[in-house]
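User: I am new to this structure and would like to learn how its descriptions are justified. Could you show it to me before we start?

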Amino acid sequence: MIMEEPSSATVSAKAAEENGNCGESENLEPRFECPICLTWLRDPVLTSCGHKFCSQCIYTWLQKNGACCPVDSRPLKSENDLFRDLYTSREISQQRTNCPYQQFGCQVGLSPVDMETHISQCTYKRNLSESQAGTTTAMSAESKLWDPPPKKETQVSEREGPPPNWELLMKNLYERLVILEQENRELIITVSNQKKQLTALQTSISFNQEETCLRNCNGVYVWRLKSFQEKLTTMMSDPLKMFYSPGFYTSSNGYKICARINVSSRDSNYLSLLLHIMKSENDDALDWPFNGTMCFVLVHPRDSGKNIREMTLSRPDLEAFRRPTCELNKRSFGYIEFVRLNDVMDFVQHDSLVFRIEVRAYDKFNTSPI
């Protein structure tokens with residue numbers, strides 16, 4: 001078999017193709033590279049945020065992609081934030097690159113900016129075109145003049161295999177997104193329900209703790225009447241306004257009682273302090289009418305010797321001591337004129353008035369407390 005030797009023009013064309021960069025890209029420093037087109041900076045422009053671009057690249061970018069820097073996304077205005085970079089232009093003009101037709105005999109070395117003009121007029125390009133030898137390789141060599149430089153000899157390999165099915169991929173992503181949104185909504189609802197349950201549990205625990213204290217106080221209850229000045233003003237403006245204490249027990253399974261204060265219906269210069277017997281779950285096991293003693297104490301905040309103390313006995317003939325038929329016995333028992341309003345302010349501290357109520361119940365057949 002006779003092998004046909006390639007012509008010298010073909011060999012030269014191949015050499016030009018293999019060495020198409022002709023040294024010019026190897027000399028391209030990052031500071032001379034446009035971040036948009038990745039080639040030599042042409043008519044460099046400096047932004048207010050300190051980045052360099054080709055003039056045409058950055059103006060086109062701002063018109064198409066919004067008024068922000070492609071590098072750090074800072075807002076840019078073409079009329080205020082772009083400045084011609086004459087210093088970089090001079091530096092680029094001092095760089096020297098070889099003509100891509102050097103392999104065909106052209107020995108011209110110019111700056112990258114001037115090289116474009118030279119290529120269009122290069123004699124060796126025209127001669128090569130006329131001989132029709134290696135035209136394609138020469139043109140590819142010319143096109144590589146403005147190619148970006150190699151990034152530390154790292155090349156990205158082309159993706160192998162068939163192109164991905166984007167429609168299927170987007171469909172799968174959308175379905176996954178819908179599932180995640182549904183799971184998120186379910187979690188939000190679950191957390192909301194758990195918060196409600198936690199609030200209800202905390203309220204229940206607080207109520208049970210208070211109920212336990214009231215049930216086990218053995219008939220001695222300290223009533224701290226907070227915001228007393230506001231309550232007193234309300235009672236004086238409305239004589240029918242009354243304030244009640246929580247219900248407390250004479251023993252864990254004993255009588256349930258609450259205290260009440262109001263402006264005296266007999267003399268508006270006095271404050272009344274009375275007791276009501278309340279309905280409880282153990283009323284059917286207790287003796288009626290109620291039999292016992294009641295002690296009312298208005299506590300002085302600074303001197304216990306100034307406490308106002310009154311004690312009285314129950315009276316079985318009064319309706320106030322009979323078994324209640326509703327939540328609160330309609331009749332009360334106590335002192336209608338317990339303390340003068342002019343004197344009560346001496347007992348107020350931190351806008352609170354403190355009463356101590358002591359109730360002792362006795363068995364019907366003996367005087368020992370139950």
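User: Where is S314 found?

Analyst: S314 sits in the loop between β12 (308-313) and β13 (333-340), where strands are DSSP runs of E with at least two residues, helices are runs of H or I with at least four, and both are numbered from the N terminus. This is a predicted model, in which local features need pLDDT of at least 70 and side-chain atom pairs count only at pLDDT 80 or more, while totals for chains, interfaces and linings use all residues. Residues are numbered from 1 along each chain as its sequence is written, and side-chain values use heavy atoms, with hydrogens and water left out.

User: Why is S314 called buried?

Analyst: Buried means under 20% relative accessible area, exposed means over 50%, and partly exposed lies in between (1.4 Å probe, protein chains only). S314 has a relative accessibility of 11%, and therefore counts as buried. A polar atom of the S314 side chain also lies 3.4 Å from the backbone oxygen of F290, which falls within the 3.5 Å set for a polar contact (a pair of N or O atoms; within protein, one must be able to donate a hydrogen and the other to accept it, and residues adjacent in sequence count only if both atoms are side-chain atoms).

User: How do you know whether L38 and S227 are buried or exposed?

Analyst: The relative accessible area is 38% for L38 and 33% for S227, so each falls between the two cut-offs and is partly exposed. L38 belongs to the loop between α1 (8-18) and β1 (44-47), and its phi near 60 degrees is a positive value in a residue other than glycine. S227, in the loop between β6 (220-226) and α8 (228-237), likewise has a positive phi, near 50 degrees, and is not glycine.

User: How many disulfides does a search of the whole structure find?

Analyst: The search finds zero disulfides, a disulfide being a pair of cysteine sulfur atoms within 2.5 Å. C57 is in none, with the nearest cysteine sulfur, that of C37, 3.8 Å away.

User: Why is C213 not bonded to C217?

Analyst: The sulfur of C217 is the closest cysteine sulfur to that of C213, yet the separation is 9.0 Å, which is too far for a bond. C213 counts as exposed because its relative accessibility is 57%, whereas C57, at 18%, counts as buried.

User: What makes the length of α7 agree with that of a helix?

Analyst: The expected span is 1.5 Å times one less than the number of residues. For the 50 residues of α7 (residues 166-215) this gives 74 Å, and the end C-alpha atoms are 72 Å apart, so the two values agree. At the N-terminal end, N165 caps α7 through a side-chain oxygen 3.3 Å from the backbone nitrogen of E167.

User: What volume does the largest pocket have, and which residues line it?

Analyst: Its volume is about 160 Å³, and its lining includes P239, R260, N262, S272 and I336. A pocket is an open set of points on a 1 Å grid over the protein atoms alone, where a 1.4 Å probe fits, with protein on both sides within 12 Å along at least five of seven lines; lining residues have an atom within 4 Å of a point. The volume is the space filled by probe spheres set on the points, which are joined across faces, edges and corners. The largest share of the lining, three residues, comes from β9.
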